[in-house]
Amino acid sequence: MAFNPWKCGHCISKVSTRIRGYDPREMARRCAAECLSKGKGPKAFRRCLSKRLRDACDDAAHADRVASEIWQQLKSKCSG
């Protein structure tokens, strides 16, 4: 199934994960919009989200883990 940023954006509001006091939902929305505007897929979304989370906190491993957690929550909802 294809990556659908519109569906993904709708489901992002239900993400409850927090990272060091930051709410990653806005970051995820921006990444979904960026993927939509550039015609990119799920790999680009994960990379974008991971990069934005790394910018927000100093611990890169933690940011990557949180990005993976968020993607696992959204993966089935962002397709189709």
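Trainee: Among contacts in the protein between residues at least 6 apart in sequence, what share joins residues at least 24 apart?
Mentor: This is a predicted model, in which local features need pLDDT of at least 70 and side-chain atom pairs count only at pLDDT 80 or more, while totals for chains, interfaces and linings use all residues. Residues are numbered from 1 along each chain as its sequence is written, and side-chain values use heavy atoms, with hydrogens and water left out. A contact means heavy atoms within 4.5 Å. Counting the contacts between residues at least 6 apart in sequence, the share that joins residues at least 24 apart is 59%.

Trainee: Which pattern does the protein follow when read along the sequence?
Mentor: Helices (H or I, at least four residues) and strands (E, at least two) are DSSP runs, numbered from the N terminus. The protein has four helices and zero strands, and, read along the sequence, the pattern is α-α-α-α.

Trainee: How far apart are the end C-alpha atoms of helix α4?
Mentor: The expected span of a helix is 1.5 Å times one less than its number of residues. Helix α4 covers residues 60–74, which is 15 residues, so a span of 21 Å is expected. The model agrees with this, as the end C-alpha atoms are apart by 21 Å.

Trainee: Is Leu74 buried or exposed?
Mentor: Buried means under 20% relative accessible area, exposed over 50%, and partly exposed in between (1.4 Å probe, protein chains only). Leu74 is found in helix α4 and has 2% relative accessibility, so Leu74 counts as buried.

Trainee: Which residues does Leu74 touch, not counting residues up to four places away in sequence?
Mentor: One of them is Val15, which is 59 residues from Leu74 in sequence but 8.2 Å away in space, C-alpha to C-alpha. With residues up to four places away not counted, Leu74 touches Cys8, Cys11, Ile12, Val15 and Phe45.

Trainee: Which parts does the disulfide of Cys31 and Cys48 tie together?
Mentor: A disulfide is taken here as a pair of cysteine sulfur atoms within 2.5 Å. The structure holds one disulfide, formed by Cys31 and Cys48, whose sulfur atoms are 2.2 Å apart. Because Cys31 lies in residues 24–38 and Cys48 in residues 42–56, the pair ties together parts 17 residues apart in sequence, namely helix α2 and helix α3.

Trainee: Which cysteine sulfur is nearest to that of Cys35?
Mentor: Cys31 counts as buried at 0% relative accessibility, and Cys48 is buried with a relative accessible area of 9%. Cys35 is in no disulfide, and the nearest cysteine sulfur, 6.0 Å away, is that of Cys48.
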